[in-house]
Amino acid sequence: MTDAIGSPPHLLLIGTLPPPLNGQAVAFRMLVGELMVQGPLVDVLDMSERSGRRDQDFSLMRVGQVMRLVFSAWRRCRNPGLVYLTIAQSRWGFVRDALLIWTSWLARCPVVLHLHGGNYAGFFQSENVLFRILIRATLRRAMRIIVLSEALKSDFTFLG
């Protein structure tokens, strides 16, 4: 894939880097390390919670952090480009992810989502009908969704 002048597209990677140390953060750090050899065409937005807060917690400070993250993603999105985003399985994590997905979509940047874990179907089923509509509409903006195994594909059958 190249743009009009023959250079590869800009790649914006959005995910959590250690600390805290968990599987998703380690996997994202490995991906970033491998792709950084591409040089200035790769950009990274770290959405780690340095204060130890988790996606399911709500605070006004977290709202400010998420809005800064969204504005930073908007500024860094280039056409043609690609946004790679690791996604959460909680309500507040999804709200953050939805803002990033819709921002990228509005900037005409294709989005690849990566779920590092399982039970997205459980998260989806636990939400009310209106929130499920939002989840479906948001995830359908993605060009691809990556899961860890063939068995986890079924977590996204609700997308049709």
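A residue counts as exposed when its relative accessible area is over 50%, and as buried when that area is under 20%. Both terms are used below for a predicted model.

The chain comes to five helices and five strands. Along the sequence these elements follow the pattern β-α-β-α-β-α-β-α-α-β. Of the 160 residues in the chain, 43% are buried. Contacts across the sequence are frequent: among contacts with a separation of 6 or more, 72% are between residues 24 or more positions apart.

The five strands form an open sheet. Their order is β2-β1-β3-β4-β5, and the pairing is parallel. Strands β2 (42-46) and β5 (144-146) are the edges, each pairing on one side only. Neighbouring strands are turned by 15° against each other on average, direction ignored. Strands of a sheet pair through backbone hydrogen bonds, either parallel or antiparallel.

Two of the pairings can be given in detail. Strand β1 (residues 10-15) runs parallel to β2, and five bridges join the two. Here Gly-15 stands opposite Asp-46 in β2. Strands β3 and β4 also pair in the parallel sense, over four bridges. Tyr-84 stands opposite Val-112 in β4. The side chains of β4 point two ways: Val-111 and Leu-113 one way, Val-112 and His-114 the other. All four of these residues are buried.

Helix α1 (residues 23-35) lies across β1, β2 and β3 (81-86). The helix runs at about 160° to β1.

Strand β2 also holds Asp-43. This acidic side chain is not left at the surface: Asp-43 has a relative accessible area of 18%, so with a cut-off of 20% the residue is buried. A polar contact of 3.2 Å joins the side chains of Asp-43 and Arg-76. Beyond residues up to four places away in sequence, Asp-43 touches His-10, Leu-11, Leu-12, Leu-13 and Arg-76.

Helix α5 (residues 129-139) has two contrasting sides. Phe-131, Ile-135, Thr-138 and Leu-139 are buried. Seen down the axis of α5, these buried residues fall within an arc of 90°, so they line one face of the helix. Val-129 and Leu-130 lie on the other side of α5 and are exposed. The general geometry of helices is relevant here. An α-helix has 3.6 residues a turn, so residues three or four places apart point the same way. The buried residues of α5 pack against α3 (91-106), β4 (111-114), α4 (120-126) and β5. At the start of α5, a side-chain oxygen of Asn-128 reaches to within 3.1 Å of the backbone nitrogen of Leu-130.

Aromatic contacts were searched over the whole structure, and nine pairs were found. A pair of aromatic rings is described by the distance of the centres and the angle of the planes. For Phe-94 and Phe-131 the centres are 5.5 Å apart and the planes are at 70°, so the pair is edge-to-face. Phe-94 lies in helix α3 and Phe-131 in helix α5, so the pair ties together parts that are 37 residues apart in sequence. Both Phe-94 and Phe-131 are buried. The two rings also belong to one aromatic cluster, formed by Phe-94, Tyr-120, Phe-123, Phe-124, Phe-131, Phe-156 and Phe-158.

A further edge-to-face pair is formed by Trp-102 and Trp-105, at 5.3 Å centre to centre and 80° between the planes. These residues are three apart in helix α3, so about one helical turn separates Trp-102 from Trp-105. Both tryptophans are partly exposed, with relative accessible areas of 25% for Trp-102 and 41% for Trp-105.

Helix α3 is also the place of Ala-98. With a relative accessible area of 8%, Ala-98 is buried. Ala-98 and Ile-87 are eleven residues apart in sequence and 9.3 Å apart in space, C-alpha to C-alpha.

How values were computed. Residues numbered from 1 in each chain as written. Heavy atoms only, no water. Pairing = 2+ DSSP bridges. Axes fitted to C-alpha atoms, helices over the stretch in contact; angles between N-to-C directions. Contact = heavy atoms within 4.5 Å. Buried < 20%, exposed > 50% of the residue type's maximum accessible area, 1.4 Å probe, protein only. Arc of directions from axis to C-beta. Polar contact = N/O pair within 3.5 Å; in protein donor to acceptor, adjacent residues only side chain to side chain. Phe/Tyr/Trp six-rings, centres within 6.5 Å; stacked < 30°, edge-to-face > 60°.
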